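Hi everyone, thanks for making time. I'd like to walk you through one structure today, so let's put it up on the screen.

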Amino acid sequence: MLDIYVDADGCPVKPEVYKVARRYQLNVTLVANSWMRHPHADWLTMQVVEEQFDGADDWIVEHAGEHDIVIASDIPLADRCLKKGARVLGHRGRPFTEDSIGDALGTRDLLSHLREMGSVMDGQPPFDHRDRSRFLQGLDQIIQAVKRET
């Protein structure tokens, strides 16, 4: 069965995930370093991991598998989940794929290096309604693709 795992710390699209999961009757697991408010539903669980470096990431990688969907903006987490056969969607609606993950990792490392040198000061633009719309569309497309495969 298709499950959705959400790297929930700082995830701005949790309400959108709930909406789509209800529509498709999918199970969702929120994974975070501390408890957070969430709807009470039988299809939604909250997994709190110990506050250790990458604890939530490690839990998601351990539990997500083929035909599951991971919602995360963390590029190294996306890479690890793709290697397990999961589908990964970023908060802004951008899917991570085997073809794109190498470029994403390289760009992340380059920007990190430039920030350390003081060359790059700006981050991503503010999250807005267009990002939410792209996310909803991307999540729907991934679910449809997985359902066609299974």
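Okay, let's start with a pair of residues: Y5 sits opposite T29 in strand β2. Just keep in mind that this is a predicted model.

Y5 belongs to strand β1, which covers residues 3–7. And what does β1 pair with? One partner is β2, residues 27–32, and the two run parallel, joined over five bridges. Strand β4, residues 69–71, is also a parallel partner of β1, this time over three bridges. On that side, the residue opposite Y5 is V70. So Y5 has T29 across from it in β2, and V70 across from it in β4.

How do we get from β1 to β2? Look for helix α1, residues 14–24: together with β1 and β2, α1 makes a right-handed β-α-β unit.

Now, is β1 buried or exposed? Five of its five residues are buried, so the strand is largely enclosed by the rest of the structure. As for directions, D3, Y5 and D7 point one way, while I4 and V6 point the other way, and all of them are buried.

Last stop, the cysteines. How many disulfides turn up in a search of the whole structure? Zero. Take C11: its relative accessible area is 5%, and because anything under 20% counts as buried, C11 is buried. C81 comes in at 1%, so C81 is buried as well.

That's my tour, happy to scroll back to any of it.

Technical notes
Residues are numbered from 1 along each chain as its sequence is written. This is a predicted model: local features need pLDDT of at least 70, side-chain atom pairs count only at pLDDT 80 or more; totals for chains, interfaces and linings use all residues. Side-chain values use heavy atoms; hydrogens and water are left out. Buried means under 20% relative accessible area, exposed over 50%, partly exposed in between (1.4 Å probe, protein chains only). Helices (H or I, at least four residues) and strands (E, at least two) are DSSP runs, numbered from the N terminus. Two strands pair if DSSP finds at least two bridges between them. A crossover is right-handed if, with the strands pointing away from the viewer, the path from the first strand over the helix to the second runs clockwise. A disulfide is a pair of cysteine sulfur atoms within 2.5 Å.
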